[in-house]
Amino acid sequence: MNVPLTRIREIEEGTRRGMERVGLEKSREVLVKGPLSLMAQLSLPLHRVSSLHSLLSLHSCPLPSTAREEEEREGRRGTGMEGMDRRMGGGVGEGHITEIAGPSLSGKSQLCMWLSLLSLLPLPSPPPFPSPSSSTSTGAGPSTGSSAGAGSSTGSSTGSSAGAGPSSVPGSSAGGVRRVMYISQEGGCSVSRMNQMHSLSSLPPLPLPLSDLLLLHSPSSCPDLLSFLQSGETEERMVRERVGMVVVDGLFAMTKHDYDNKSMAARQMELGRIAAQLKYLAHGLRIPVLVTNFLWSPSSSSSSLSSTSSSSSSMFGTAA
């Protein structure tokens, strides 16, 4: 695997600057060069070049690992809701896609905003979710978000084939400020609502204004979203800005606008490409990726939805 050097955080800063100076951007470009060539280009002694080769080889072709080793390495982030954490094995999985599915106004976006707030702070254990009696907002879903089913997607990355990433979550160190990348076509992320949720909870103060901690993107279509996720600039910004979580809120709306019920094969192929790229980012950066999906049943589906599907469906897998 040809891994961008920006993802390999163990590279020393001086060596990284040297490789940028000579135009080396990916692991394969370094590995194909001999030790003497790298010593001359980077002005490094032989033992430093040998260590660099070993590091890039490990990231480009990671060693096989057992399911038990992957399970022991996997981190979980609590949601502040005991029942949901118990069903999800301790919380949202780092390095995995978690799909949050439910009907309209069931609290999917609100749950994503709450988990985004938790991701911005390195907390040993999350506080309880703000109670419904505390909330004064209108137009939001139930504040517990419990009616939205949350489950680890079948597209979750569990093996080493997705590429080896940093062992720690970006922004988890004491000296760094982590951020959240929130992707939504329908304006699902409300900064004012998140500020209200923060004020109603027992969370500590944020290190910066919330508007400076959220990286918002509103794609116009599924191809636009895929292009954004595959962009090297996006990945480099995620590393540079220390993104600790990615949220894709309202993917159903994009597919609904781009594909009708006669284009289901093309829809699934596009979703597969999006899921593969999200897996790559989640596993490589060891961060949670949340995807919301709209579910409906034949008994409650309206005429506007009946042309799209007539049964409950999950975007990436079966939600709990």
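Okay, a quick definition to start: when I call a residue exposed, I mean over 50% relative accessible area, buried means under 20%, and partly exposed is in between. Glu 82, at 65%, is exposed by that rule. And please keep in mind that what we're looking at is a predicted model.

Let me stay with Glu 82 for a moment. Glu 82 makes a salt bridge with Arg 86, and the closest N and O atoms there are 3.8 Å apart. Both residues sit in helix α6, which runs over residues 82-87, and because they are four residues apart they end up separated by about one helical turn. Arg 86 is exposed too, with a relative accessible area of 59%.

So how many salt bridges does the structure hold? The count is seven. As a reminder, side chains of opposite charge can pair when their charged atoms come close.

Now compare that helix pair with Arg 77 and Glu 94. Their closest N and O atoms are 3.0 Å apart, and they form a salt bridge. This one ties together distant parts of the chain: Arg 77 is in strand β1, residues 76-77, while Glu 94 is in the loop between β2 (92-93) and β3 (97-102), 17 residues apart. Are these two buried or exposed? Arg 77 comes out at 14% relative accessibility, so it counts as buried. Glu 94 has 17%, and that makes it buried as well.

Next up is Glu 241. Which residue does Glu 241 pair with? Its salt-bridge partner is Arg 179, with 3.5 Å between the closest N and O atoms. Here the pair links parts of the chain 62 residues apart: Arg 179 belongs to strand β5 (residues 179-184), and Glu 241 to the loop between α11 (232-240) and β7 (243-249). Both of them are buried. There's also a third member, since Arg 179, Arg 237 and Glu 241 are linked in a network of salt bridges.

That same loop between α11 and β7 holds Arg 242. Arg 242 has a positive phi of about 55 degrees, although it is not a glycine. Ser 43 is another non-glycine residue with a positive phi, near 55 degrees. You'll find Ser 43 in the loop between α3 (35-42) and α4 (46-60), and at 61% relative accessibility it counts as exposed.

Back to helix α11, because there's some surface charge to show you: Glu 236 lies in that helix, and is partly exposed at 39% relative accessible area. Glu 236 is part of a negative surface patch, together with Glu 20, Glu 25, Glu 29 and Glu 233.

On to the cysteines. What did a search of the whole structure find in the way of disulfides? Zero. Take Cys 189: the nearest cysteine sulfur belongs to Cys 112 and is 9.5 Å away, whereas a disulfide needs the pair of sulfur atoms within 2.5 Å. Cys 189 is buried, at 14% relative accessible area. Cys 222 is buried as well, with a value of 1%.

One last stop, at Asn 195. This residue is in helix α8, residues 191-200, and at 38% relative accessibility it counts as partly exposed. Asn 195 and Pro 209 are 14 residues apart along the chain, and their C-alpha atoms are separated by 9.4 Å.

That's my tour. Happy to take questions.

Conventions. Residues numbered from 1 in each chain as written. Predicted model: local features only at pLDDT ≥ 70, side-chain atom pairs only at ≥ 80, totals over all residues. Heavy atoms only, no water. Buried < 20%, exposed > 50% of the residue type's maximum accessible area, 1.4 Å probe, protein only. Salt bridge = Lys/Arg side-chain N within 4 Å of Asp/Glu carboxyl O. Helix = DSSP H or I, 4+ residues; strand = E, 2+ residues; numbered from the N terminus. Patch = residues over 30% accessible without salt bridge, like charges linked within 9 Å, V, L, I, M, F, W, Y side chains within 5 Å. Areas by Shrake-Rupley, 256 points an atom, 1.4 Å probe, with all protein chains shown as cover. Lys, Arg positive; Asp, Glu negative; His and termini not counted. Charge placed at Lys NZ, Arg CZ, Asp CG, Glu CD.
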